[in-house]
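Before reading on, please have the sequence and the three-dimensional view side by side, since the account below moves back and forth between the two.

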Amino acid sequence: MTQLLPTDAATTNECLPSGRLIVLTGPSGVGKGTLLRRLHQRYPDLYFSISVTTRSPRQNEIHGKDYYFVSRSDFERMIASSELLEWAEFAGNYYGTPRESVEKQISQGKCVLLEIELQGARKIYNIFPQALRIFIQPPSLKELEQRLRGRGQESEEVIARRLCRAKEEIKAANEFDFQITNDNIEAALKQLEVILFGSR
Ligand code: ADP
Ligand code: 5GP
């Protein structure tokens with residue numbers, strides 16, 4: 001079931017208090033990281049899984065905070081030893097969710113947020129069908145492209161790959177429980193809060 005606006009969720013408490021997996025997906029550049037950083041500031045008790053990637057760090061990204069940056073051979077070793085709950089290749093790099101920390105937090109009753117792309121979201125749904133899945137939509141493809149360029153971190157080739165992937169991901173948005181359009185960041189954050197915690 002997909003609900004475009006979380007009006008009906010205003011009276012529910014989808015996330016707390018019991019441990020639950022929350023999957024946040026959406027095209028690269030839509031503002032997932034921006035939204036989650038703000039959510040984290042407001043709810044430090046939520047557990048934000050830190051992914052492993054073979055991508056190079058962007059300016060200001062910190063190993064162990066934004067990602068664990070590893071070599072391809074290290075990543076492949078992690079796949080082989082089942083250290084990743086899910087993993088996928090995206091725009092020429094590997095990305096994966098460390099298994100142990102996520103399982104530990106869930107077993108302790110914490111809510112765990114995964115910010116992952118579509119293939120990973122589908123894998124997580126197969127393992128945890130009760131996961132809450134949220135898709136972040138851009139106001140338009142043009143605005144998405146502007147945000148990707150505005151971030152100023154990727155080459156033209158990488159931007160083109162990410163935009164191509166964005167179109168595929170947007171086609172699958174109906175698979176998700178909720179969709180939020182990140183036009184105004186404060187409004188999008190509010191919708192996310194209502195989905196997760198109900199209106200307060
Ligand atoms: P993602 O994590 O989805 O790849 P980011 O959070 O890195 O995206 O955001 C991409 C760019 O878009 C950043 O420069 C960010 O500041 C900007 N951005 C995010 N949300 C908005 C918004 N609502 N309006 C305008 N710009 C935004
Ligand atoms: P970026 O390079 O922009 O940080 O991330 C590229 C894409 O990889 C984004 O869609 C992001 O959500 C996704 N991603 C980040 N971590 C993971 C992960 O652990 N698993 C999967 N499947 N995707 C991830």
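What follows takes the strands first and then the surroundings of the two ligands.

The model is a predicted one, and side-chain atom pairs count only at pLDDT 80 or more, a limit to keep in mind wherever a distance from a side chain is quoted.

A good place to begin is the open sheet of five strands, which are laid out in the order E2-E7-E1-E8-E9 with parallel pairing. Strand E2 (47-48) and strand E9 (178-181) stand at the edges with a single partner strand each, so one side of each has no neighbour in the sheet. At the E2 edge, the partner is strand E7 (residues 111-115), which runs parallel to E2 and is joined to it by two bridges. To find this pairing in the view, look for Tyr 47, whose bridge partner in E7 is Val 112.

A further open sheet is built from four strands in the order E4-E3-E6-E5, and here the pairing is mixed. Its edge strands are strand E4 (68-69) and E5, each of which pairs on one side only. Strand E3 (residues 52-53) pairs with E4 in the parallel sense, over two bridges, and within this pairing Val 52 has Tyr 68 of E4 as its bridge partner.

From this sheet one can pass to ligand 2. Which elements give two or more residues to the shell around ligand 2? Ligand 2 sits in the largest pocket, and the elements that contribute to its shell in this way are strand E5 (84-90) and strand E6 (93-98). The shell holds 17 residues, and those that come nearest are Arg 55, Tyr 67, Tyr 95, Glu 115 and Glu 117. Sorted by class, the residues of this shell divide into five nonpolar, five polar and seven charged.

Several polar contacts can be followed atom by atom. An oxygen atom of ligand 2 lies 2.4 Å from a polar side-chain atom of Glu 115, a residue that also appears among the nearest neighbours of ligand 2. The side chain of Arg 162 places an N or O atom 2.7 Å from an oxygen atom of ligand 2, and for the side chain of Arg 58 the corresponding distance is 2.8 Å. Taken alone, ligand 2 exposes 510 Å², of which the protein buries 97%.

Ligand 1 can be read in the same manner. It is surrounded by 13 residues, the closest being Gly 29, Lys 32, Thr 34, Arg 151 and Asp 183. In class, the shell around ligand 1 comprises three nonpolar, six polar and four charged residues.

The polar contacts of ligand 1 involve both backbone and side-chain atoms. A polar backbone atom of Gly 31 is 3.0 Å from an oxygen atom of ligand 1. A nitrogen atom of ligand 1 lies 2.9 Å from a polar side-chain atom of Asn 182, while a polar backbone atom of Ile 185 is 3.4 Å from a nitrogen atom of ligand 1. Of the 570 Å² that ligand 1 exposes when taken alone, the protein buries 73%.

The space taken by ligand 1 is the largest pocket, and the elements that give two or more residues to its shell are helix H1 (32-42) and helix H5 (141-151). H1 supplies the largest share of that shell, with three residues.

Definitions and conventions
Residues numbered from 1 in each chain as written. Chains lettered and ligands numbered in written order. Predicted model: local features only at pLDDT ≥ 70, side-chain atom pairs only at ≥ 80, totals over all residues. Heavy atoms only, no water. Near = heavy atom within 4 Å. Polar contact = N/O pair within 3.5 Å; in protein donor to acceptor, adjacent residues only side chain to side chain. Areas by Shrake-Rupley, 256 points an atom, 1.4 Å probe, with all protein chains shown as cover. 1 Å grid on protein atoms, 1.4 Å probe; cavity = no way out; pocket = protein on both sides within 12 Å on 5 of 7 lines; lining within 4 Å. Sits in = over half its atoms within 2 Å of the grid points. Nonpolar A, V, L, I, M, F, W, Y, C, P; charged D, E, K, R; others polar. Pairing = 2+ DSSP bridges.
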